[in-house]
Amino acid sequence: MALRNKLHSLPKADVHNHLHLSGAVELLREQYPGVQFETPRYYDGFDGMMHFIVQHVNTLMRSSDDVIRLMDIGIRSSINDNVRHLEASVDMGLVAYFDNSLETFINAVGQLKKKYASEIDFRPEIGIKKSAEMEEVYRDGMACIESEVFDGIDIYGKETDQDLSGFKEIFQEARARSKKTKVHIGEFSDAQSMLRAIETLEPDEIQHGINAADSEKAIQMILDRNIRLNICPHSNVALGAARSLLEHPVRKLYEEGVNITINTDDLLLFNATITDQFADLIQQRMFTFEEIDEIRQNAIQGL
Ligand SMILES: [Zn+2]
């Protein structure tokens with residue numbers, strides 16, 4: 001308990017977080033007393049997780065107020081874990097709950113930023129599914145990037161056999177406006193797909209990227225371009241991308257000199273805070289306290 005308390009008290013960053021899915025279930029129950037579900041320890045892969053979201057989370061979202069409430073709970077859950085710097089994606093599809101008014105959607109996110117400004121450095125990223133219509137990406141996605149509210153872009157969804165070239169231009173536009181660029185890749189897809197994504201999009205950071213550990217070439221490219229990997233070990237184990245924490249490639253990537261961070265992904269779905277994950281990695285003897293502390297500080301400093 002002493003270790004957990006010490007880790008909890010330290011200021012932390014979470015830079016891989018999907019905001020409306022990042023609330024702690026206890027806080028969610030305070031607002032939605034009808035919530036009965038327990039967070040599963042393992043899902044039947046990515047599709048199993050999507051099924052859980054549709055069944056248990058989407059049913060809570062009846063209006064824009066619910067969406068704002070879920071995002072608010074996500075931010076408060078981070079604050080409760082002493083996360084001082086939060087880079088979280090806000091899914092572009094959520095605009096549907098705001099009568100498809102992009103202005104209202106952007107304002108709502110801006111209000112949350114203001115509301116918690118004294119407690120946490122919250123930097124929202126516009127989150128776009130790789131399967132989104134390109135017309136929407138370049139209309140709504142661009143408007144978000146051009147707004148003062150969003151600080152970055154993150155794309156996600158199915159990883160295998162995806163042609164990401166359609167996103168090349170919006171990544172360039174984001175970079176031109178000094179917004180951070182991230183892509184989810186290399187969780188379920190192989191190192192080859194990572195090499196292609198890096199060449200096509202030139203992202204600042206990669207969400208997951210754990211399968212780079214299988215390829216010297218991918219590791220070298222990540223090192224050469226100084227790309228940070230924002231890793232979420234518990235999420236990877238729950239979804240079967242890693243067999244267990246002990247077999248997770250996070251240690252190998254660290255030893256290769258890759259700049260890594262440890263993050264929650266979706267606290268509501270995986271039920272492991274940054275403190276929990278730091279503590280587990282130390283207790284399983286995968287990292288020493290000093291190493292975890294260095295990773296923690298890098299995540300806060302590498303802004
Ligand atoms: Zn993610």
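In β2, which residue is the bridge partner of Ala13? The partner is His85. This pair belongs to a predicted model. In that model, three bridges join β1 to strand β2, which covers residues 83-91. The two strands run parallel.

The pairing of β1 with β2 is part of a wider sheet. Eight strands form an open sheet in the order β1-β2-β3-β4-β5-β6-β7-β8, and the pairing is parallel. Strands β1 (12-14) and β8 (260-262) stand at the edges. Each has a single partner strand, so one side of each is left without a neighbour in the sheet. From one strand to the next, the twist averages 25 degrees. In general, strands of a sheet pair through backbone hydrogen bonds, and the pairing can be parallel or antiparallel.

The chain as a whole has 14 helices and eight strands. Its C-alpha atoms fill a box of roughly 50 × 45 × 40 Å, taken along the principal axes. The radius of gyration is 18 Å. A compact globule of 303 residues would have a value near 19 Å, so the chain agrees with that expectation.

Helices also lie across the sheet. Helix α7 (residues 168-176) lies across β4 (152-156) and β5 (180-185). Its direction makes an angle of about 155 degrees with β4. Helix α14 (residues 289-301) lies across three strands, namely β1, β2 and β8. Relative to β8, α14 runs at about 100 degrees. Both edge strands, β1 and β8, are thus among the strands that α14 lies across.

Helix α7 also packs against another helix. The axes of α7 and helix α6 (residues 134-146) come within 10 Å and cross at roughly 15 degrees. The two helices are therefore roughly parallel to each other, as the angle is under 35 degrees. The crossing of α6 and α7 is right-handed. On the α6 side, the contact involves Val137, Tyr138, Gly141, Met142 and Ile145. These meet Ile170, Glu173 and Ala174 in α7. Six of the contact residues are nonpolar, one is polar and one is charged.

A second helix pair is formed by α8 (residues 191-201) and α9 (residues 216-224). Their axes come within 9 Å and cross at roughly 30 degrees. That angle makes α8 roughly parallel to α9. The crossing is left-handed. Ala191, Met194, Leu195 and Ile198 in α8 meet Lys217, Ala218 and Met221 in α9. This contact holds six nonpolar residues, no polar ones and one charged residue.

A further pair joins elements from distant parts of the numbering. Helix α1 (residues 2-9) packs with helix α13 (residues 274-283). The angle is about 135 degrees, and the axes are 9 Å apart. The helices α1 and α13 are therefore oblique to each other. Their crossing is right-handed. From α1, the contact takes in Leu3, Arg4, Leu7 and His8. From α13, it takes in Thr275, Phe278, Ala279 and Ile282. Five of the residues in this contact are nonpolar, two are polar and one is charged.

Note on methods
Residues are numbered from 1 along each chain as its sequence is written. This is a predicted model: local features need pLDDT of at least 70, side-chain atom pairs count only at pLDDT 80 or more; totals for chains, interfaces and linings use all residues. Two strands pair if DSSP finds at least two bridges between them. Helices (H or I, at least four residues) and strands (E, at least two) are DSSP runs, numbered from the N terminus. Axes are lines fitted to C-alpha atoms, for helices over the stretch in contact, and angles run from 0 to 180 degrees between N-to-C directions. Two residues are in contact if their C-beta atoms, placed from the backbone, lie within 7 Å. Angles under 35 degrees count as roughly parallel, over 145 as roughly antiparallel, 65 to 115 as roughly perpendicular and the rest as oblique. A crossing is left-handed if the near helix is turned anticlockwise from the far one by less than a right angle, and right-handed if clockwise. Ala, Val, Leu, Ile, Met, Phe, Trp, Tyr, Cys and Pro count as nonpolar, Asp, Glu, Lys and Arg as charged, and the others, Gly among them, as polar. The radius of gyration is taken over C-alpha atoms; the globule rule is 2.2 Å times the number of residues to the power 0.38.
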